[in-house]
Amino acid sequence: MIKHKLKDIINFLTGIMVITLVLIVSYMLYQKVDLTEDNRFTLSKQTVQLAENLEDVVEFKIYITGEHLPTDIARVKNATKEILEELAEISDENIEFEFVDLFETIEKKDDLHKELLRLQKRGLTIMPIPFTNIKGEQEVMNIPMGAEVYYDGRVIPMPIIKKEKGGKAKTYEKAIEAMEYEVSNAIRRLLNKNLKKVAILQGHKELGRYDLQDLSISLMEYYQVGPIYLKDKNNTVQLNALDGIDVLIIAKPKYRFSQKEQYVLDQFVMNGGKTLWMLDGSDGAELDSMQKNGLIYATPVQTLTEPLLYKYGVKINTDIVEDIQCSKIPMQATANGNGGDFELRSWIYSPVLTTKSRHIITNNLDPIKLEFASTLDSVPADGVSHTVLYQTSGKNRYKKTPSTIGFGETARGLKLELFKSKPKPVAMLLEGNFSSYFTNRISPTFANNPNRKFKNRSAGNKMIVISDGDIAKNWFSEKNEMIPVGRDQYTNYFFDNKKFILNCIN
């Protein structure tokens with residue numbers, strides 16, 4: 001009898017211990033796992049360590065808030081709040097955050113508009129949210145879909161909701177799934193004091209700050225970005241102008257480079273500087289000019305970057321790609337332009353290209369779109385290898401310049417049998433030891449001057465050449481709203497132009 005009672009007591013106590021242990025484990029798991037309302041993710045070990053090792057306060061100002069938020073956006077807001085609460089606890093309060101309702105805190109409409117414009121320029125999407133006010137009137141509340149993050153006197157934008165392919169549901173799901181990455185990435189960027197420098201060359205009528213605004217905003221997440229000139233205020237070429245620059249972007253120059261400027265570019269390459277060349281082979285080919293005038297006259301471009309590139313191993317041809325695999329533009333249904341309805345028709349001067357290249361730069365990218373692109377030829381260069389990143393579709397032909405271009409042929413209809421030229425490269429990666437264009441072209445006195453340190457050959461280096469100056473350009477609507485890089489303004493389809501360029505630079 002005693003044995004049975006003792007056994008019952010032991011079983012009872014064992015049961016209590018098991019239940020208690022289960023409850024403790026369940027509680028601990030719940031505390032770590034349930035970071036969002038729908039049990040979406042856990043914090044990675046790396047993110048936890050990042051928060052634990054903070055030595056000063058990182059402050060988040062989140063603008064996704066307000067009493068009129070739709071349910072899906074409110075879920076994103078709650079996910080943001082919950083992950084920041086968790087990190088604040090882990091970091092011993094070195095992570096602080098607040099939700100800022102601009103609609104409530106800024107009374108004057110002009111001031112509110114200026115603040116929204118500032119945040120939009122910093123890369124945050126502004127979403128209009130309609131609601132009914134207390135008077136029963138319809139109003140719109142514009143909310144930035146992101147945050148700003150402050151640390152040690154610096155501030156960076158942190159986009160939270162970004163438009164994704166697949167509609168609104170996909171966009172909000174992706175925002176919640178990527179929340180930990182966005183937060184931890186913002187902290188890492190602020191902690192990194194040795195950012196690489198990406199310079200955008202100016203002074204030769206290249207694409208400027210407004211043309212490359214969207215790209216620059218994305219680059220600022222990881223690099224120091226700004227314009228750079230080869231000449232000083234007195235119009236004198238500075239041989240050390242590119243010192244300290246890691247990557248140089250040369251986007252669609254139209255003016256010629258002087259010999260001294262050529263030399264500066266050449267020695268930048270010889271000393272290990274990376275270059276991204278986005279160049280047109282022909283001048284005058286602009287769609288907006290065609291839409292105004294009906295015709296354009298395209299001529300070969302001569303900026304004197306051509307001999308440098310030829311020496312490095314690539315030639316930009318002075319032709320224009322005409323490709324059946326292309327995007328569409330609105331055109332009058334009648335070829336003579338005497339009125340009538342507009343309809344979308346294939347525009348052979350805007351090739352839409354995919355790639356078979358398995359290179360990390362192009363892996364998993366959606367199609368890209370070019371505009372009046374030219375073709376590239378690889379040139380044998382000792383110690384240099386060539387990788388074609390993109391080429392034309394094979395359903396194409398090439399128009400020699402100088403030449404007149406108009407809407408007539410597209411409006412009349414295309415004869416597919418005329419587009420059978422072989423595919424040719426339009427984007428190419430060059431890697432290896434580049435030889436200087438100026439070897440044996442300058443005096444021994446200049447070459448041997450210890451203050452100038454002329455190099456006739458680079459160590460292992462890389463450059464990328466793309467035969468379309470506008471591939472990274474953002475356009476503006478009639479309301480002066482920026483159209484993101486890669487978005488087709490006629491079909492609203494998103495091409496992966498920006499991802500491609502960012503991959504190139506990264």
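## Helix packing around H7, a three-stranded sheet and an aromatic pair

Helix H3 (residues 71-90) packs against helix H7 (residues 179-191) at an angle of about 50 degrees, and the axes of these two helices lie 10 Å apart. The model described here is a predicted one. Since angles from 65 to 115 degrees would count as roughly perpendicular and those under 35 degrees as roughly parallel, H3 and H7 are therefore oblique to each other. The crossing in which H3 passes H7 is right-handed. On the H3 side the contact involves Val-76, Ala-79, Thr-80, Ile-83, Leu-84 and Leu-87, which meet Met-179, Glu-180 and Val-183 of H7. By residue class, the contact of H3 with H7 comprises seven nonpolar residues, one polar residue and one charged residue.

Helix H7 also packs with helix H2 (residues 45-52), here at an angle of about 45 degrees and with the axes 11 Å apart. That angle makes H2 oblique to H7, and H2 passes H7 in a left-handed crossing. From H2, the residues Gln-46, Thr-47 and Leu-50 take part in the contact, while H7 contributes Glu-180, Ser-184, Ile-187, Arg-188 and Leu-191. The contact of H2 with H7 divides into three nonpolar, three polar and two charged residues. Glu-180 of H7 is thus listed in the contact with H3 and in the contact with H2.

The two packings are set out below.

| Helix pair | Angle | Axis separation |
|---|---|---|
| H3 and H7 | about 50 degrees | 10 Å |
| H2 and H7 | about 45 degrees | 11 Å |

Elsewhere in the chain, three strands form an open sheet, in which the order is E11-E12-E21 and the pairing is antiparallel. Strand E11 (282-283) and strand E21 (403-406) stand at the edges of this sheet, and each has a single partner strand, so one side of each is left without a neighbour in the sheet. E11 is joined by two bridges to strand E12 (residues 295-300), and the two strands run antiparallel. Ser-282 has Pro-300 in E12 as its bridge partner.

Aromatic rings provide a further set of contacts, and a search of the whole structure finds 13 aromatic pairs. One of them is formed by Tyr-263 and Phe-438 in an edge-to-face arrangement, with 5.4 Å from centre to centre and 75 degrees between the planes. This pair links distant parts of the chain, for Tyr-263 belongs to helix H9 (residues 259-270), whereas Phe-438, 175 residues apart from Tyr-263, lies in the loop between strand E22 (425-432) and helix H13 (444-447).

Key
Residues numbered from 1 in each chain as written. Predicted model: local features only at pLDDT ≥ 70, side-chain atom pairs only at ≥ 80, totals over all residues. Heavy atoms only, no water. Axes fitted to C-alpha atoms, helices over the stretch in contact; angles between N-to-C directions. Helix = DSSP H or I, 4+ residues; strand = E, 2+ residues; numbered from the N terminus. Parallel < 35°, antiparallel > 145°, perpendicular 65-115°, else oblique. Left-handed = near helix turned anticlockwise from the far one by under 90°. Contact = heavy atoms within 4.5 Å. Nonpolar A, V, L, I, M, F, W, Y, C, P; charged D, E, K, R; others polar. Pairing = 2+ DSSP bridges. Phe/Tyr/Trp six-rings, centres within 6.5 Å; stacked < 30°, edge-to-face > 60°.
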